[in-house]
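Work through the exercises below with the model open. Try each task before reading its solution.

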Amino acid sequence: MSPPVIDRSTKKKLLLIWAGVLAILSATLFGNMKAFALYRESETISLSARSAIVSNALADHSRQIMRQVDTILRGVQIHYLRLQSISDVREYITGLTIDEGTFSGIYIADQLGNISWTAGNVETRLSVADRAYFQNHRSNPDTGMIISPVVAGRATNAFNFHVSRRLNNQDGSFAGVVIATVNPKAFEDYVRNLGSNPVASIISLYGTLDHKLRFRIPVPAPSQWDQTIDSPMWTLLQQANNGHFKSTSPIDGVERNLYFTKVADYPLVTLSGFSDASLSADAFERDRWIIFGSIALISFIVFLALSASIAILRGARLASAKAELDSLYRDMERLAMTDSLTGLPGRTMFMDRLAQALALSRRDHKFVVVLFLDLDGFKLVNDRFGHDAGDQVLMAVARLWESCVRETDTLARLGGDEFAVILGGLEVSDDALPIARKLIDAVRQPVPVSDGKTYHVGVSVGISVYPRNALHIDSLLTAADNAMYASKTAGKNQYTVSAATPNAQDIDDHWLTFDESMRVGNALIDSQHRQLYDIVNGFSRAVKEGASSEQLEGRFNEILRCITLNSETEDALMREQQYPNQALHHNQHRRLIHDLERVRTRFGVGGELLAMLRIKDWLSNHIQSDQEFEKFLNGSLHNDG
């Protein structure tokens with residue numbers, strides 16, 4: 001039988017059908033591959049930000065735990081030095097409230113290393129004479145606090161690390177060691193409470209002195225706790241307290257994107273991150289049903305529906321991730337607004353309220369007075385009696401000074417032993433002087449603290465007045481700071497009223513000046529920076545001249561557009577040159593825009609002043625960062641040549 005004859009019309013129809021199927025299949029495959037790539041990019045950005053936030057949060061938590069441990073150890077150390085009695089020290093420890101989730105045990109070893117008393121599950125017949133921390137304390141009176149590597153306990157075989165301090169007899173000779181056993185699970189529980197799967201792959205805590213693990217999720221093999229870790233992080237830590245890098249882990253051999261944060265006051269660093277491999281596998285598992293479903297249907301309508309679904313899902317995920325990050329930023333900002341030790345407003349809230357006070361002063365034509373207060377003799381208290389005594393003094397001074405100011409005034413702790421007061425709405429600027437005298441008199445006598453002791457401190461006060469001494473926030477604060485140092489030079493325990501007058505920057509139209517030291521060396525970037533300076537100066541003039549809210553909004557939108565354009569330009573150059581700090585640099589732009597969008601809502605009550613100050617501070621650091629990129633670029637071009 002001869003084969004059927006296919007006429008030209010039928011062939012044409014078949015060709016059109018299969019051509020259409022092929023076109024739809026190609027479009028479907030291309031569309032889904034593009035969506036997959038976009039999803040992976042958005043997931044990378046979200047996980048990067050999340051990893052950095054979790055690393056910062058764990059660093060703060062680790063500092064709190066170490067501070068709690070060291071407070072207990074110092075207390076035991078001081079009690080034993082004073083009483084020379086193990087039984088009295090035992091009563092002291094027994095009376096403490098000890099978090100069993102943090103401590104596996106607290107115990108004392110005598111001068112031979114034998115456990116003489118325990119507040120935990122450690123058997124008293126054990127000895128720690130062979131432990132490195134015991135030998136260090138015995139041979140060196142000045143070792144301070146030692147955080148040992150993770151080891152298996154001799155009584156329970158559980159993996160913990162020890163924090164220890166030396167006990168001295170009254171003649172300074174070695175009496176033994178007080179040891180706290182810290183359970184790494186205290187860190188694990190905190191990380192897990194941050195939310196399910198807080199990072200894609202890993203989070204850990206390292207000692208910066210010995211480069212060994214103190215905590216890790218996932219948990220390493222027992223033999224790996226004592227492994228000295230070789231990592232680029234140790235070099236990066238010499239340059240900054242936080243940052244990011246990409247490296248292969250010697251623990252499990254996985255390459256990851258990693259973010260580190262130095263733990264303040266202690267030789268510890270947190271590390272968190274995720275691997276590209278796990279990200280790719282996760283993205284494929286999520287999207288393969290879209291890819292296979294589109295290929296099976298081979299329909300243009302279904303293709304459009306699936307593409308729309310991908311776009312909607314991606315948009316929802318990005319919106320959810322942004323909302324989550326915004327919530328975390330708000331939580332972090334709320335914590336930053338208040339000083340954790342004294343409960344007073346911190347530097348961020350102080351600047352916000354000063355901006356509000358200046359905005360009201362411009363409207364009502366009244367004075368705003370800033371008092372800078374720096375404690376005299378506080379360093380001596382810290383050096384002689386320890387940081388715990390210093391903290392007690394700061395809290396007591398805060399309570400004394402709260403009773404010296406009005407309810408409408410702001411008393412804030414700026415950091416260390418520096419405080420400040422904002423007195424707004426004054427008809428006569430000299431009305432601030434009686435308050436300054438009250439603040440000085442409040443600490444003229446020995447300051448009593450909660451345990452009944454007293455400490456001698458004083459205070460030097462500097463006073464600046466708006467608008468007499470300055471017209472902008474930063475110059476007003478500088479005037480008060482200089483006046484405070486004049487009080488110290490003149491003999492302390494007194495106040496000095498600034499004699500400064502508004503400088504040229506306050507008076508003329510140039511809030512910011514672009515000079516040669518600010519040049520990056522790239523013509524396009526320098527041009528954008530100079531344009532941003534001009535736009536910000538125009539915004540400053542509009543604020544000074546009392547422009548309407550619509551005019552301020554228009555100028556502010558120009559600032560945001562200029563910053564966005566600069567970010568896009570620099571991102572493109574950095575991607576092209578494979579600059580290793582490109583992601584961190586991008587986040588600097590993103591964080592500034594995020595902050596400026598929030599202060600925009602405060603226009604009319606100081607937000608515009610805060611915006612100007614934020615931009616000025618940001619530009620100083622950002623231009624230095626751009627100059628580092630230009631050095632990298634010149635080095636790359638030189639090497640290529």
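The exercises go from the whole chain to one sheet.

This is a predicted model, in which local features need pLDDT of at least 70, side-chain atom pairs count only at pLDDT 80 or more, and totals for chains, interfaces and linings use all residues. Residues are numbered from 1 along each chain as its sequence is written, and side-chain values use heavy atoms, with hydrogens and water left out.

**Exercise 1. Describe the protein chain as a whole.**

Step 1. Count the elements: 17 helices and 17 strands. Helices (H or I, at least four residues) and strands (E, at least two) are DSSP runs, numbered from the N terminus.

Step 2. Check burial. Of 641 residues, 45% are buried, meaning under 20% relative accessible area with a 1.4 Å probe, protein chains only.

Step 3. Turn to contacts (heavy atoms within 4.5 Å). Among those with a separation of 6 or more, 64% join residues 24 or more positions apart.

**Exercise 2. Lay out the sheet that contains E8.**

Step 1. Write the strand order: E7-E6-E10-E9-E8, an open, antiparallel sheet of 5 strands. Two strands pair if DSSP finds at least two bridges between them.

Step 2. Mark the edges. E7 (213-217) and E8 (242-248) each pair on one side only.

Step 3. Inspect one pair. E8 and E9 (residues 255-262) are antiparallel over 7 bridges. Here Phe245 stands opposite Leu258 in E9.

**Exercise 3. Place helix H4.**

Step 1. Find residues 185-193, which form H4.

Step 2. See what H4 lies across: strands E6 (202-207) and E7.

Step 3. Read the angle. H4 runs at about 35° to E7. Axes are lines fitted to C-alpha atoms, for helices over the stretch in contact, and angles run from 0 to 180 degrees between N-to-C directions.

Notes:
Buried < 20%, exposed > 50% of the residue type's maximum accessible area, 1.4 Å probe, protein only.
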